[in-house]
Amino acid sequence: MNAFSFAMALGLGMACVLAAPARAQDLTINFTGSFAQGTCAFSVADVDLGTYAAPDFATTPQTPWQRVRIVRTSCTSNISTIHTTFAGTQHPNNAALWRVNNIAGLAVEMQNRDAVPVRMSPGSVINWPSTSENYDLDARFSRVSAITSYGAVSIPVTLTFTYN
């Protein structure tokens with residue numbers, strides 16, 4: 001093969017290489033991690049409102065207030081406000097009070113302990129700063145009509161906490 005033929009063959013070979021499509025590969029990088037909201041823990045003890053006889057309500061329709069303490073612990077520093085929703089069964093004679101299932105004329109009343117108390121009722125929401133370790137409420141029995149039955153009382157009130 002002479003030099004001219006060799007140069008032609010080499011040139012044609014180069015042209016074929018240059019005309020061929022380039023090979024490419026796409027890669028994807030997946031980044032993982034997590035971004036967690038702040039967390040908090042809450043607790044509240046059961047509260048004994050006391051033992052009373054029906055005649056006790058003849059002159060005074062309410063019992064003395066008993067403290068209910070909601071304790072906040074282990075909150076992360078990025079939480080600024082705690083929202084607490086109160087759920088339970090409304091009394092049929094007064095929707096602002098909690099129903100006592102087995103004693104028709106009796107209800108439970110609850111309010112916060114602020115300078116100007118605000119009554120908590122089923123569906124109420126309170127907001128409190130995350131700087132407070134505890135949030136105190138008061139609760140008591142209230143007569144809403146004639147008390148005609150007797151027995152042990154248990155009134156569930158569910159607290160739901162959200163925070164930001």
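**Entry 1: Phe-42 and its ring partner**

I looked up Phe-42 first and found it partly exposed, at 22% relative accessibility. The model I consulted is a predicted one. Phe-161 is likewise listed as partly exposed, with a relative accessibility of 22%. I then searched the whole structure for aromatic pairs and obtained 6. One of them joins Phe-42 and Phe-161; I noted it as stacked, with 3.9 Å from centre to centre and 5 degrees between the planes. I placed Phe-42 in strand E1 (residues 41-44) and Phe-161 in strand E10 (residues 158-163), so this pair ties together parts that lie 119 residues apart in sequence.

**Entry 2: a second pair**

I turned next to Tyr-52 and Phe-57. Their ring centres are 6.2 Å apart and the planes stand at 65 degrees; because an angle over 60 degrees counts as edge-to-face, I recorded the pair as such. On accessibility, Tyr-52 is partly exposed at 32%, whereas Phe-57 is buried at 6%. The value for Phe-57 falls under the 20% limit, which means that the residue is classed as buried.

**Entry 3: the aromatic cluster**

Which residues form one aromatic cluster with Phe-42? I listed Trp-128, Tyr-135, Phe-161 and Tyr-163. Phe-42 and Phe-161, the stacked pair of my first entry, thus both recur in this cluster.

**Entry 4: Thr-84**

I followed Trp-128 to Thr-84, since the side chains of these two residues make a polar contact of 2.9 Å. Thr-84 sits in strand E3, which spans residues 81-87. Is Thr-84 buried or exposed? I found a relative accessible area of 0%, so Thr-84 is buried. Leaving aside residues up to four places away in sequence, I noted that Thr-84 touches Ser-124, Val-125, Ile-126 and Trp-128, and also Leu-159, Thr-160 and Phe-161. Two of these neighbours, Trp-128 and Phe-161, are members of the aromatic cluster.

**Entry 5: the largest pocket**

Last, I examined the largest pocket, which holds about 790 Å³ of space. I recorded 32 lining residues, of which Val-47, Leu-49, Val-153, Ser-154 and Ile-155 are the closest to the pocket centre. Which elements give two or more residues to the lining? I found strand E6 (106-112) and strand E9 (134-143). By class, I entered 25 nonpolar, 5 polar and 2 charged residues for the lining.

Definitions and conventions
Residues numbered from 1 in each chain as written. Predicted model: local features only at pLDDT ≥ 70, side-chain atom pairs only at ≥ 80, totals over all residues. Heavy atoms only, no water. 1 Å grid on protein atoms, 1.4 Å probe; cavity = no way out; pocket = protein on both sides within 12 Å on 5 of 7 lines; lining within 4 Å. Points joined across faces, edges and corners; volume = space filled by probe spheres on them. Helix = DSSP H or I, 4+ residues; strand = E, 2+ residues; numbered from the N terminus. Nonpolar A, V, L, I, M, F, W, Y, C, P; charged D, E, K, R; others polar. Buried < 20%, exposed > 50% of the residue type's maximum accessible area, 1.4 Å probe, protein only. Polar contact = N/O pair within 3.5 Å; in protein donor to acceptor, adjacent residues only side chain to side chain. Contact = heavy atoms within 4.5 Å. Phe/Tyr/Trp six-rings, centres within 6.5 Å; stacked < 30°, edge-to-face > 60°.
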